[in-house]
Amino acid sequence: MATISSNAALKRVLLQACLNSSKCTTVPAKTIATLCPEDGVFTGPSMKTEVPGPKSKEKIAALSKYKRTEQMHMIGDFEKSKGNYFVDVDGNVYLDVFQQISSLPLGYNHHALAETAKSPAVQNGLLNRSAQGFCPDKDMLERMENTLMKVAPKGTIAQQMMCGSCANENALKAAFMRYNAIRRGCYEPTELELETCMQGKGPGSPEDLCILSFTSGFHGRTLGTLAVSHSKALHKFDMPAWPWPVAPFPKLKYPLEEHVEENQEEEMRCLDQMNRVIKESNERGLYVAGVIVEPLQSEGGDNHASANFFAGVQAIAKQYNAAFIVDEVQTGGGCSGKWWMHETWNLPSPPDMVTFAKKMLIGGFYFSEEFMPKHTMRIFNTWIGDPVRAAMLETVINVVESDGLLQRTQKSGAAILQNLYELQKLYPDLIFDARGVGNLCAVSCENTEIRNNLVAHLRGLGLQIHGCGDFAVRFRPALIFTEKHAALSADIFDTALSTLRQKMRSKV
């Protein structure tokens, strides 16, 4: 196997012993030959305990008095973490391909961000956080132009918010405001609308507007975004929700380039159904004011679709005068190999709105001028962004450009995907459907139990990774991830899959 080291069998024996031991030493997987500057002294994972270790367990148990902790993997020692490597309180060192739910663009403790953290701009922002809608800092305009507007989709304006959920929530609001203004014939409300909205009744609070979303999509956990999220029932039960229309997201065969004809048929079926759903909803008096879609359904299982599909979604939305909202909270910020994954679609015109957060450090959304609020404080909160994170984002953008990190991401992502292709040939009984764009890569498992066991094995070997959907394991590394890190990940994957196969066969 070209991309997986030749001494894999020996490593499997050593790592099996490591897995069976209560104390684990440095993982003898392939060492990165040349140190990645951002990684400091780390050349690979080093596991000293089981996961979670005793200190993590103790702290998690203490935290359980105040919050739910079942989902916690371990407790981090962020001072010691560096670059692509995460360190926990037990001294375990992980190659981190999940990076705090895909939110660290430059990994841990990047030297440029460390310097920015010492700057007057950050110090001032920390000491005197401004309510930016009322009294912004003197540098706000310059910082906006050096950050969000520097990488903005063509023809858009940036609206800062706080996180991905509130970015999507307010994009939905913008869609409703624009749609209702069009059918009203103006942006000014009537006296009746002002009166009835305070009672939660129409016409001021229109009950006949909705947003169309897609099966398996995820857009947040606030009440509005839950209405357009369909990835996990656990997020939604007990919550009042609007019965808004849902269209099917394509279930494609991978790799996409080997199943073009079948996938085209599936995408056309979904587009036809989307058109039918909007038409029928509008005809029964529930008007679709917007359509929201992810370029890649991350929480729903890393589900892909082609550029033609998204162009079709945009065309149908435009046909019904509905806003075309692209949720790039997890796919934006360079991880697709471009600043925005929708740039790979070559659309005839930009989306109406593009939401962002995570690797962009600030939450918010881009929008065309048509969606600019016509009244003050309609899209608003106390902070409307974060001056400290804006200063950090300026450094991130400069580093991405100066270090060629978009190009690095394209190469490392191609290496991750190629390694997954080769691994699924070796372990077809365990994994299949390797897929990816940039370093947004994933592979599916035969069932949820195998997926969960695989993720546990990988963490035990020092690869911090996570699942998504019911069956998938996903990569979400930082932009500093390299082809050598991809090779090391493949070695660990190989060992974990071999160990898992042996355990499963021993039970038969």
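**Asp327, Ile211 and two sets of paired strands**

In this predicted model, Asp327 touches Asn168, Phe218, His219, Ile292, Val293, Glu294, Pro295 and Thr355, leaving out residues up to four places away in sequence. Asp327 belongs to strand 7, which covers residues 323-327. Although buried, Asp327 has no salt bridge; the nearest side chain of opposite charge is that of Lys358, and it sits 9.3 Å away. What Asp327 does have is a polar contact from its side chain to the side chain of His219, at 2.7 Å. A polar atom of the Asp327 side chain also lies 3.0 Å from the backbone nitrogen of Val329.

Ile292 turns up again in the surroundings of Ile211, a residue of strand 4 (residues 209-214). With neighbours within four places in sequence set aside, Ile211 is in contact with Leu172, Ala175, Phe176, Val228, Trp244, Pro245, Ala289, Gly290 and Ile292. Its relative accessible area is 0%, so Ile211 counts as buried. The C-alpha atom of Ile211 is separated by 9.7 Å from that of Trp242, a residue 31 places apart from it along the chain.

Turning to the paired strands, strand 1 (residues 85-87) and strand 2 are antiparallel and share three bridges, with Tyr85 standing opposite Leu95. The two strands form a hairpin with five residues between them, where Gly91 takes a positive phi near 85°. Strand 2 (residues 93-96) is covered on both faces: Val93 and Leu95 are buried on one side, and Tyr94 and Asp96 are buried on the other. That arrangement goes with a general pattern: side chains in a regular strand alternate between the two faces of the sheet. Strand 2 also runs parallel to strand 12 (residues 463-464), to which two bridges join it; here Asp96 stands opposite Gln464.

A further set of four strands makes an open sheet in the order 10-11-14-13, with antiparallel pairing. Strand 10 (431-437) and strand 13 (466-468) are at the edges and have a single partner strand each, so one side of each lacks a neighbour in the sheet. From one strand to the next, the twist averages 30°. At the strand 13 edge, three bridges connect strand 13 with strand 14 (residues 472-475) in the antiparallel sense, and Cys468 stands opposite Ala472. Helix 14 (residues 405-426) lies across strand 10, strand 11 (440-445) and strand 14, and runs at about 170° to strand 10.

Note on methods
Residues are numbered from 1 along each chain as its sequence is written. This is a predicted model: local features need pLDDT of at least 70, side-chain atom pairs count only at pLDDT 80 or more; totals for chains, interfaces and linings use all residues. Side-chain values use heavy atoms; hydrogens and water are left out. Buried means under 20% relative accessible area, exposed over 50%, partly exposed in between (1.4 Å probe, protein chains only). Lys and Arg count as positive and Asp and Glu as negative; His and the chain ends are not counted. A salt bridge is a side-chain nitrogen of Lys or Arg within 4 Å of a carboxyl oxygen of Asp or Glu. A polar contact is a pair of N or O atoms within 3.5 Å; within protein, one must be able to donate a hydrogen and the other to accept it, and residues adjacent in sequence count only if both atoms are side-chain atoms. Contact means heavy atoms within 4.5 Å. Two strands pair if DSSP finds at least two bridges between them. Axes are lines fitted to C-alpha atoms, for helices over the stretch in contact, and angles run from 0 to 180 degrees between N-to-C directions.
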